[in-house]
Amino acid sequence: MKKHSARVAPLSACNSPVLTLTKVEGEERPREPLGPAEAQAPGGAEAGGRTSRRRWTCSRAQLHKTFWGVAVVLCVCASWAGSTQLAKLTFAKFDAPFTLTWFATNWNFLFFPLYYAGHVCKSTEKQSVKQRYRECCRFFGDNGLTLKVFFTKAAPFGVLWTLTNYLYLHAIKKINTTDVSVLFCCNKAFVFLLSWIVLRDRFMGVRIVAAILAIAGIVMMTYADGFHSHSVIGIALVVGSASMSALYKVLFKLLLGSAKFGEAALFLSILGVFNIIFITCIPILLYFTKVEYWSSFDDIPWGNLCGFSVLLLTFNIVLNFGIAVTYPTLMSLGIVLSVPVNAVVDHYTSQIVFNGVRVIAIIIIGLGFLLLLLPEEWDVWLIKLLTHLKVRKKEETVEGGADLGSGPQNRSRRARPSFAR
């Protein structure tokens with residue numbers, strides 16, 4: 001994988017339905033080259049040729065990035081919705097959400113090996129595994145990954161990762177996957193509120209509106225099923241999962257900042273190691289206390305467990321490294337687009353009732369999510385766009401009037417020589 005100056009923050013738990021703890025932060029991207037209308041070109045046929053050639057080049061680059069964006073959106077949507085539905089099917093045969101969380105998190109260990117394989121295939125300056133590991137360890141400080149750093153800067157995020165995913169999976173047992181996936185989208189509103197309070201991020205009125213919409217959607221979703229105990233517990237679990245993921249994201253930004261691709265891959269692999277060493281005892285304890293019990297290991301649906309883990313790993317990889325080929329906003333769209341996918345599946349496989357309250361709740365939560373995707377300077381861009389359109393309309397009106405005014409004059413001027421004769 002090529003060296004890249006962009007930095008990403010491993011936060012997938014903040015945006016994935018289950019095991020996603022790596023979300024791409026707002027990347028600092030170079031400005032797009034000026035379009036032909038903005039660039040001043042000399043007059044003449046040569047200038048026109050250069051302008052058209054430049055227009056074609058810019059359009060091709062943007063088309064390429066948009067194409068990859070669509071591919072990434074589809075991949076994010078399919079992997080997220082697929083993992084949610086597969087988890088629901090798994091619980092019909094294997095009622096052990098914490099064990100499923102533990103099993104899938106162990107696959108995070110593959111992040112750094114996969115990243116290094118990409119580095120060897122793509123990079124012109126190849127490094128050994130040890131060299132690459134040491135370089136990525138600088139992310140944790142001058143001393144690298146020490147035992148103290150492991151317990152103070154990695155272990156807390158491993159706990160938050162496990163809580164986020166366990167609460168989400170446990171909620172799938174209580175309520176339908178449509179409600180779970182749409183309620184988890186509220187985590188973006190929680191991230192904004194925590195960032196505003198803890199990190200002193202810029203206040204944005206439109207994001208406050210989005211947060212209000214998210215909270216209203218949660219209340220309406222609870223009311224949609226009549227405040228039954230199962231429904232209330234399931235909604236509380238999803239909201240708890242979204243809150244844990246938001247806390248993960250804000251703490252990561254507060255304590256660690258942002259990470260390059262290799263650093264993010266190493267961090268996620270470390271979370272997998274933490275899960276194997278320190279969390280393994282909990283599924284064993286749950287098994288012997290018969291909280292999560294299965295009679296025989298042959299009864300475990302290994303295909304479902306492995307498929308679920310592969311989908312989550314794919315989701316994390318695309319969400320973390322998709323920034324290299326497309327825009328971060330497009331990747332986020334894949335998350336909200338998985339909601340209608342889950343709704344269609346639930347409509348044909350469960351007894352979900354899409355009453356008016358539920359539909360309105362889904363719509364306003366989705367609207368709040370989309371509002372949170374707006375960039376910080378969206379109002380400036382909107383003003384510039386409206387000003388540009390207004391000026392362009394005036395210019396067209398003036399040109400049209402000039403054409404009408406010059407028409408008779410030109411005809412009279414052409415007619416004068418014939419009269420003189």
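These legends describe close-up views of a predicted model.

**View 1. Surroundings of Leu183 in helix H6.**
Leu183 lies in helix H6, which covers residues 177-184. Its relative accessible area is 0%, so Leu183 is buried. Apart from neighbours within four places in sequence, the residues in contact with Leu183 are Ile175, Ile218, Met221, Ile235, Val238 and Ile365. Gly366 is 183 residues from Leu183 in sequence, yet the two C-alpha atoms are 9.4 Å apart in space.

**View 2. Surroundings of Arg358 in helix H14.**
Helix H14 spans residues 356-372 and includes Arg358. Arg358 has a relative accessible area of 2% and is therefore buried, the limit being under 20%. Residues up to four places away in sequence are not counted in the following list: Arg358 touches Asn176, Asp179, Met221, Ala224, Asp225, Ile352 and Val353. Met221 is thus listed here and is also a contact of Leu183.

**View 3. Helix H8, residues 205-224.**
Helix H8 has 20 residues. From first C-alpha to last, H8 reaches 28 Å, close to the 28 Å expected at 1.5 Å a residue. The buried residues of H8 are Val206, Arg207, Ala210, Ala211, Leu213, Ala214, Gly217, Ile218, Met221, Thr222 and Ala224. Among them, Ile218 and Met221 are in contact with Leu183, while Met221 and Ala224 touch Arg358. Gly226, just after H8, takes a positive phi of about 80°.

**View 4. A nonpolar surface patch.**
Phe109, Leu110, Leu114, Leu147, Phe151, Ile276, Ile277 and Phe278 make a nonpolar surface patch of about 750 Å². Helix H5 (147-174) and helix H10 (261-279) are the elements that give two or more residues to the patch. H10 supplies the largest share, three residues. Phe109, one of the patch residues, is placed in the loop between helix H2 (97-105) and helix H3 (111-122). With a relative accessible area of 42%, Phe109 is partly exposed.

**View 5. Cys77 and Cys136, neither in a disulfide.**
The count of disulfides comes to zero. For Cys77, the nearest cysteine sulfur is that of Cys75, 10.0 Å away. A disulfide needs the two sulfur atoms within 2.5 Å, so Cys77 is in none. Cys136 is likewise in no disulfide, with the sulfur of Cys137, the nearest, 7.3 Å away. Both residues are buried: Cys77 has a relative accessible area of 10%, and Cys136 has a relative accessibility of 3%.

Terms used. Residues numbered from 1 in each chain as written. Predicted model: local features only at pLDDT ≥ 70, side-chain atom pairs only at ≥ 80, totals over all residues. Heavy atoms only, no water. Helix = DSSP H or I, 4+ residues; strand = E, 2+ residues; numbered from the N terminus. Buried < 20%, exposed > 50% of the residue type's maximum accessible area, 1.4 Å probe, protein only. Contact = heavy atoms within 4.5 Å. Expected span 1.5 Å × (residues − 1). Patch = residues over 30% accessible without salt bridge, like charges linked within 9 Å, V, L, I, M, F, W, Y side chains within 5 Å. Areas by Shrake-Rupley, 256 points an atom, 1.4 Å probe, with all protein chains shown as cover. Salt bridge = Lys/Arg side-chain N within 4 Å of Asp/Glu carboxyl O.
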